[in-house]
Amino acid sequence: MARRKKGAPVHGWVVIDKPQGVTSTQVVGIVRRVFDAQKAGHAGTLDPLATGVLAVALGEATKTVPYAMDATKVYRFTVTFGESRDSDDAEGAVTGTSDVRPSREQIEAAIPNLVGAIAQVPPVYSAIKVDGERAYDLARDGEEVVLKARTVLIHSVRLLAMPDADHAEFEMVCGKGAYVRAWARDLALNLGTLGYVSQLRRLAIGNFNVESAIGLEPLKAFMHSPAAFEHLRPLSTAL
């Protein structure tokens, strides 16, 4: 006799505005507990540093995750110039420094070189598997990780602001498999300097957007409450 799964047969999508400092896996676990759902997953990992749209699938919605993963994504992020980090974001260790700071004109001129179908080497600290193991696990264990370049699609990038010489803010629309951290690293190298992502926010993934997302803390207030189901979207949302 098959063992009965714990929880209730809840099916649908919950769009979370992920706060900084928690992993995507932790968010999925919290959403699952709020709805007492038997099964849960998510469409597209956000690093602990990142905030914004994390679409959590419950029950049968997990079967539509690949459709959401293939969808176009929108990010807003800040690049800090003058340092490289081993993770290509603010959480990593400094691996190099540069005194070069690009001008607005130089950045605007370099962006077109990194738009369209481009070859991109993913960050060493990524979820890509190498011989069956996650690259970030190997990197954390001190092993040398060499990842191959992949072709990714960057639909568009806009330079939004330059608060000071060390920072530039961008908005990117991209396809599946593109890493904002890798794009920022490559932009800095194209400009003759070093750089990493110091802030990252996902505004949208397919039909899921931040305007219609609920914060993690407000959702936790609905723990095992019927009111939580007001934030459950149909399976078709991902299609």
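**View 1. Residue E144 in the loop between α4 and β10 of the predicted model.** In this predicted model, E144 belongs to the loop that runs between α4 (135-140) and β10 (150-164). With a relative accessible area of 75%, E144 is exposed, because a residue is counted as exposed when this value is over 50%. A useful second point for the close-up is V124, which is 20 residues away from E144 in sequence, while the C-alpha atoms of the two residues are 8.9 Å apart in space.

**View 2. Helix α5 and the elements that surround it.** Of the 11 residues of α5, 9 are buried, so the helix is largely enclosed by the rest of the structure. The buried residues are V180, R181, A182, W183, A184, R185, D186, L187 and A188, a list that holds charged side chains such as R181, R185 and D186. These buried residues of α5 pack against β4, α3, β7 (116-120), β10, β11 and β12. Just after α5, the backbone at G192 takes a positive phi of about 75°.

**View 3. The buried residue I107 in helix α3.** Helix α3 spans residues 104-110 and includes I107, which is buried, with a relative accessible area of 0%. When neighbours within four places in sequence are left aside, the contacts of I107 are F81, P102, L159, M162, A168, F170 and L191. N190 can be shown in the same view: I107 and N190 are separated by 83 residues in sequence, and their C-alpha atoms lie 9.2 Å apart.

**View 4. The aromatic pair of F35 and F229.** The count of aromatic pairs in the model comes to 5. One of them is formed by F35 and F229, whose rings are 5.2 Å apart from centre to centre with 80° between the planes, an edge-to-face arrangement. This pair links distant parts of the chain, since F35 is in helix α1 (residues 24-35) and F229 is in the segment after α6 (216-220), 194 residues apart. The two partners can also be described by their accessibility: F35 is buried, with a relative accessible area of 3%, whereas F229, at 41% relative accessibility, counts as partly exposed.

**View 5. The rings of F170 and W183, with F77 alongside in the cluster.** The ring centres of F170 and W183 are 5.6 Å apart and the planes stand at 70°, so this pair is edge-to-face. F170 is in strand β11 (residues 167-174) and W183 is in helix α5 (residues 180-190), and the pair, 13 residues apart, links distant parts of the chain. Both F170 and W183 are buried, and together with F77 they form one aromatic cluster. F170 also appears among the contacts of I107, and W183 is one of the buried residues of α5.

**View 6. The second largest pocket and its lining.** The volume of the second largest pocket is about 170 Å³, and the residues that line the pocket are Q20, L49, T51, R76, F77, T78, E169, S198, Q199, L200 and R201. Two elements, β4 (73-81) and β12 (195-205), give two or more residues to this lining, and β12 gives the most, with 4 residues. Sorted by class, the lining has 3 nonpolar, 5 polar and 3 charged residues. F77, which is part of this lining, is also a member of the aromatic cluster with F170 and W183.

**View 7. The charged end of R85 over the ring of Y196.** In this close-up the charged end of R85 sits over the ring of Y196, at 4.3 Å from the ring centre.

**View 8. Positive phi at D88 and H224, two residues that are not glycines.** D88 is found in the loop between β5 (83-85) and β6 (94-97), and although D88 is not a glycine, its phi is positive, at about 65°. At 7% relative accessibility, D88 counts as buried. H224, placed in the segment after α6, likewise has a positive phi, of about 55°, although it is not a glycine. In contrast to D88, which is buried, H224 is exposed, with a relative accessible area of 56%.

Terms used
Residues numbered from 1 in each chain as written. Heavy atoms only, no water. 1 Å grid on protein atoms, 1.4 Å probe; cavity = no way out; pocket = protein on both sides within 12 Å on 5 of 7 lines; lining within 4 Å. Points joined across faces, edges and corners; volume = space filled by probe spheres on them. Buried < 20%, exposed > 50% of the residue type's maximum accessible area, 1.4 Å probe, protein only. Contact = heavy atoms within 4.5 Å. Phe/Tyr/Trp six-rings, centres within 6.5 Å; stacked < 30°, edge-to-face > 60°. Lys NZ or Arg CZ within 6 Å of the ring centre and 35° of its normal.
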